[in-house]
Amino acid sequence: MTTATLEAPARRPIDPLAEAIADIEGTPETEPVAVEAAEAPVKTKELVIVNWSGDLDKVWPVLILSSTAAASGVHCKVFVTFWGLLPFVKDERRIVGETWMQKMLTLMQRPGIDHLKLSKMNFLGMGPWMMGTLSRKYHVASPRELLEAATALGVEFVPCQMTMDMFGLKREDLIDEMGEPAGAATAIELMTGADASLFI
Amino acid sequence: MSLQISQVLDARGLSCPMPIVKTAQAIKPLPSGALLELLATDPGSVKDVAAWSRSTGNAIVEQSADGGVYRFVLRRK
């Protein structure tokens with residue numbers, strides 16, 4: 001035994017060289033150190049997505065990512081705002097809103113999960129029709145199927161109160177799976193508290 | 001040695017992310033330690049099932065590929 005080991009505190013050295021020396025020369029008996037990491041409960045990871053767009057090619061990945069996150073044990077919340085709110089209007093609601101201008105908006109952009117347009121190459125519906133045909137051919141789940149899976153797996157959808165007011169949407173216009181409406185401060189709190197956040 | 005499979009999930013023909021989404025739904029009601037057999041044809045499922053296993057802690061007990069069909073045996077955490 002060297003003086004170094006005699007003087008060593010009751011803790012195993014952590015640098016590799018000291019560790020190697022200790023392996024050869026032996027270390028003094030130490031108190032077992034409590035492993036804190038094993039005791040502490042593993043925190044569930046959180047993903048927050050802001051669904052801003054009502055376009056097919058943006059809502060689709062939001063639903064793919066949110067349902068996969070929930071399937072992977074990640075707590076996922078989707079804050080639904082601006083155009084992103086229209087896909088979450090109930091099927092039977094064709095024109096929503098109170099004023100003529102609000103009604104015009106939903107006349108120009110039909111609400112509901114089955115009536116999404118492409119952000120590019122829409123060509124009066126030709127693009128989405130081709131996307132739909134291709135997705136069926138390659139057995140890609142539709143936005144509707146993914147929305148059902150996402151809500152079944154516990155993804156929380158939070159509608160934006162301000163957008164609802166602006167579009168003249170009432171809580172009962174939105175699908176039942178939507179959570180309680182909230183505002184920007186709630187969105188910020190969700191995003192800053194999450195492990196990852198996306199704005200799509 | 002043959003494994004005692006509790007349930008078989010046929011996700012053949014389904015594209016990303018449905019094999020994972022359906023796996024998560026199928027494994028949930030099983031008791032801890034039970035085995036779920038997953039069949040998939042999505043080539044991406046090889047990487048995705050591994051990633052899902054790491055994220056959720058449900059272990060891959062067996063894995064094989066045969067004629068474009070990927071087979072996984074997963075143990076419920």
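Here is a walk through a predicted model, chain A and then chain B, with a suggestion at each stop for what to select next.

**Stop 1: chain A as a whole**

Start by colouring chain A by secondary structure. You should find nine helices and four strands. Follow the chain from the N terminus and the elements come in the order α-α-α-β-α-β-α-α-α-β-α-α-β. Of its 200 residues, 31% count as buried. If you draw the contacts in chain A with a separation of 6 or more, 70% of them come from residues 24 or more positions apart.

**Stop 2: the sheet of chain A**

Now show just the strands of chain A. They make an open sheet of four, ordered β3-β2-β1-β4, with parallel pairing. β3 (156–159) and β4 (196–199) of chain A are the edge strands; each has a single partner strand, so one side of each has no neighbour in the sheet. Look along the sheet for the twist: neighbouring strands are turned by 15° against each other on average, direction ignored.

Zoom in on β2 (75–80) of chain A. Four bridges tie this strand to β3(A), and the two run parallel. For a landmark, pick Lys77(A), which sits opposite Glu156(A) in β3(A).

Bring two helices back. α4(A) packs on the sheet, where it touches β1 (46–51) and β2 of chain A, and its direction makes about 165° with that of β1(A). Helix α9 (184–193) of chain A packs on the sheet too, touching β1, β2, β3 and β4 of chain A, with its direction at about 140° to that of β1(A).

**Stop 3: α4 against α7 in chain A**

Keep α4 (56–71) of chain A on screen and add α7 (143–152) of chain A. Their axes come within 9 Å and cross at roughly 30°. That angle is why α4(A) counts as roughly parallel to α7(A). The crossing is left-handed.

Which residues make the contact? From α4(A), select Val59(A), Trp60(A), Leu63(A), Ile64(A), Ser66(A), Ser67(A) and Ala70(A); from α7(A), take Pro143(A), Leu146(A), Leu147(A), Ala149(A) and Ala150(A). Colour them by type and you get 10 nonpolar, two polar and no charged.

**Stop 4: where the chains meet**

Time to turn chain B on. The contact takes 14 residues from chain A and 12 residues from chain B. On the chain B side, the elements giving two or more residues are α1 (18–27) and α2 (45–56) of chain B. α1(B) supplies the largest share, five residues. By type, the chain B side splits into seven nonpolar, five polar and no charged.

Stay with α1(B). How many of its residues are buried? Seven of 10, so to speak mostly covered. Select Met18(B), Pro19(B), Ile20(B), Val21(B), Thr23(B), Ala24(B) and Ile27(B) to see the buried ones. These buried residues pack against α4 and α7 of chain A, the pair from the previous stop, and against β1 (5–11), β2 (35–40), α2 and β4 (69–75) of chain B.

**Stop 5: the sheet of chain B**

Finish with the strands of chain B. Four of them form an open sheet in the order β1-β2-β4-β3, and here the pairing is mixed. At the edges are β1 and β3 (59–66) of chain B, each paired on one side only. The twist averages 15° from one strand to the next.

Six bridges join β1(B) to β2(B), and these strands run parallel. Select Leu9(B) and you'll find it opposite Leu38(B) in β2(B). Last, put α1(B) back: this helix lies across β1, β2 and β4 of chain B, running at about 155° to β1(B).

Definitions and conventions: Residues are numbered from 1 along each chain as its sequence is written. Chains are lettered from A and ligands numbered from 1 in the order in which they are written. This is a predicted model: local features need pLDDT of at least 70, side-chain atom pairs count only at pLDDT 80 or more; totals for chains, interfaces and linings use all residues. Axes are lines fitted to C-alpha atoms, for helices over the stretch in contact, and angles run from 0 to 180 degrees between N-to-C directions. Angles under 35 degrees count as roughly parallel, over 145 as roughly antiparallel, 65 to 115 as roughly perpendicular and the rest as oblique. A crossing is left-handed if the near helix is turned anticlockwise from the far one by less than a right angle, and right-handed if clockwise. Two residues are in contact if their C-beta atoms, placed from the backbone, lie within 7 Å. Ala, Val, Leu, Ile, Met, Phe, Trp, Tyr, Cys and Pro count as nonpolar, Asp, Glu, Lys and Arg as charged, and the others, Gly among them, as polar. A residue is buried if 20 or more other C-beta atoms lie within 10 Å of its own, exposed if 12 or fewer, and partly exposed in between; C-beta atoms are placed from the backbone. Two strands pair if DSSP finds at least two bridges between them.
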